[in-house]
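I opened this notebook to record what I looked up in one structure. The entries begin with the whole chain and then turn to single elements and residues.

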Amino acid sequence: MKMKPLLIAYVLMAVATAIQAAERPNILLIVSDDQGYNDLGELGNGIITPALDRLSREGTRLTNFYVSWPACTPSRASLLTGRYPQRNGIYDMIRNEAPDYGHKYSPDEYAVTFERIGGMDEREVIIPAVLKPVGYKSGIYGKWDLGALKRFLPTSRGFDDFYGFVNTGIDYFTHQRYGVPCMVRNLSPTDTDKGTYCTYLFQREAVRFLGEHANKKPFFLYVPFNAPHNSSALDPTTRSSVQAPDKFKEMYPPVDAETKIATKYRYGTPATLATADARRRDYRAAVTCMDAAITEMLNMLDQKQILDDTIVIFFSDNGGSGGADNSPLRGHKGQTWEGGIRVPCIVRWPNGGVRAGAINNAFLSSLELMPSLASAAGAELPTDIALDGFDWWPTLRGETTSPRKEMFWKRRDQLGARIGKWKWVKMGDAGGLFDLETDIKEQNDLSESRPKILEMVKAHYADWLNEMEAAEPRGPFRDF
């Protein structure tokens with residue numbers, strides 16, 4: 001029996017589509033929250049991270065990798081858009097300050113606060129929206145932090161499925177932010193899982209997604225953990241540390257004292273806080289719990305025999321804080337010292353030529369994600385907006401040096417610029433000019449001995465700032 005020409009055409013089209021989809025890599029993007037530059041088990045500081053160590057052995061660890069802002073919200077907007085915070089409009093935090101001083105919002109009061117109504121400009125295009133036209137299914141499980149109203153939520157921006165919380169931090173068990181419920185499934189608030197440690201929930205959802213979509217359409221899975229960020233709870237004892245399950249705390253040596261009395265506290269009264277040793281242990285336990293969740297994702301990819309066909313990328317959204325170890329870098333989260341903006345990053349993709357067990361010192365950043373993932377997927381980038389990154393795969397394969405020669409940071413009055421090996425920092429009254437090739441710790445200020453270099457770096461920074469100010473304005477912060 002002969003097939004009709006139209007039927008043959010449909011069959012050939014379906015086969016071609018299936019082959020094309022099979023050639024497109026799956027993507028697993030994992031982002032931790034406030035993890036220190038030195039907080040990988042293989043680096044020898046005592047933290048337990050077998051999954052991340054495995055990724056490093058089987059992939060390439062980037063030692064010169066930066067994010068675009070030293071704290072959560074703008075960094076996450078940049079990695080999804082491929083655009084500087086000053087260009088995409090998210091150049092500060094979408095959060096309320098009052099709970100930092102002990103204030104608990106009533107529901108009506110909270111409903112009209114900036115944390116509730118602010119969000120990333122709807123004109124911004126993010127990674128899943130770029131991948132969707134070439135057949136990708138996308139899911140996000142964890143911390144969104146780019147708007148809580150329905151029009152700002154992930155499934156309104158290109159993701160197919162979402163379960164997680166919508167702002168900068170929560171209590172790991174109640175899933176509340178300073179008493180306000182925050183968990184959402186797709187477009188609907190939910191408290192179904194209240195009481196369960198949230199890392200377990202994000203693991204559950206991510207593994208489910210992998211099981212459902214493996215060996216079907218290519219997928220983009222984004223797992224932005226809130227670990228090891230401090231708990232966002234009003235109780236000083238809880239909020240002064242990171243919540244972690246006891247079984248992971250018990251993997252570390254016991255501490256002499258769990259709490260201490262602080263006679264001066266931001267609420268204005270004495271408070272019981274976690275000791276530095278307890279905070280360090282809790283932080284490490286939260287990282288190890290997150291690492292165990294990553295193990296389960298890798299196991300599922302192994303089980304489905306698609307691990308080598310999957311791009312796996314891991315990094316922290318900004319420098320470490322609290323119990324983190326940023327050594328040998330100076331500074332921490334919230335600062336434009338290296339410790340606030342240079343973060344651990346690992347990339348695994350053997351079928352894409354990314355070498356196993358390699359260390360890559362190339363100057364790279366989270367701005368490269370959008371164009372690099374689009375390139376790997378054969379997806380078209382938007383042509384009507386400016387991107388600030390490039391395709392990093394030739395650099396990761398060792399075929400070429402990094403095209404990135406400069407990068408800039410601005411957090412209110414805290415500034416930073418890197419031109420080649422030269423780094424200029426302005427942190428209030430502190431700062432200076434540093435040669436990162438010989439002074440990664442930013443200890444030797446060369447401002448007086450190399451004034452022409454300092455002038456050059458500042459001139460590049462001024463040009464960048466002018467470019468950002470001339471860009472088409474985006475909300476929520478710009479005046480237009």
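The entries below follow the order in which I consulted the structure.

**Entry 1: the model and its overall form.** I note at the outset that this is a predicted model. I looked up the secondary structure and found 15 helices and 20 strands in the chain. I then checked the radius of gyration, which is 22 Å, close to the 23 Å that the globule rule gives for 480 residues, so I recorded the chain as being as compact as a globular protein of that length. I also took the span of the C-alpha trace along its principal axes, which is about 90 × 60 × 50 Å.

**Entry 2: burial, contacts and surface.** I asked what share of the 480 residues is buried. Buried residues make up 58% of them. Among contacts with a separation of 6 or more, I found that 69% join residues 24 or more positions apart. For the surface, I recorded an exposed area of about 19,400 Å², of which carbon and sulfur atoms supply 52%.

**Entry 3: charges.** I looked up the charged groups of the chain and noted 58 positive and 60 negative charges. The mean positions of these two sets are 2 Å apart.

**Entry 4: helix 2.** I turned to helix 2, which covers residues 50-58. I listed its buried residues as Ala-51, Leu-52, Asp-53, Arg-54, Leu-55 and Ser-56. I next asked which elements these buried residues pack against. The partners are strand 2 (60-62), helix 11, strand 13 (310-316) and strand 14 (345-348).

**Entry 5: Asp-282 in helix 11.** I followed helix 11, residues 276-303, and located Asp-282 within it. Is Asp-282 buried or exposed? I entered Asp-282 as buried because its relative accessibility is 6%, and the cut-off for buried is under 20%. Its side chain makes a polar contact with the side chain of Ser-241, at 2.8 Å. Setting aside residues up to four places away in sequence, I found that Asp-282 touches Ser-241, Val-242, Ala-244 and Lys-249.

**Entry 6: Val-207 in helix 8.** I located Val-207 in helix 8, which runs over residues 198-213. Apart from neighbours within four places in sequence, Val-207 is in contact with Glu-296, Met-297 and Met-300. I also looked up the separation of Val-207 and Pro-382, which lie 175 residues apart along the chain. Their C-alpha atoms are separated by 31 Å.

Conventions
Residues are numbered from 1 along each chain as its sequence is written. This is a predicted model: local features need pLDDT of at least 70, side-chain atom pairs count only at pLDDT 80 or more; totals for chains, interfaces and linings use all residues. Side-chain values use heavy atoms; hydrogens and water are left out. Helices (H or I, at least four residues) and strands (E, at least two) are DSSP runs, numbered from the N terminus. Buried means under 20% relative accessible area, exposed over 50%, partly exposed in between (1.4 Å probe, protein chains only). A polar contact is a pair of N or O atoms within 3.5 Å; within protein, one must be able to donate a hydrogen and the other to accept it, and residues adjacent in sequence count only if both atoms are side-chain atoms. Contact means heavy atoms within 4.5 Å. The radius of gyration is taken over C-alpha atoms; the globule rule is 2.2 Å times the number of residues to the power 0.38. Accessible areas come from the Shrake-Rupley method with a 1.4 Å probe; for residues, only the protein chains shown count as cover. Lys and Arg count as positive and Asp and Glu as negative; His and the chain ends are not counted. The place of a charge is taken as NZ of Lys, CZ of Arg, CG of Asp or CD of Glu.
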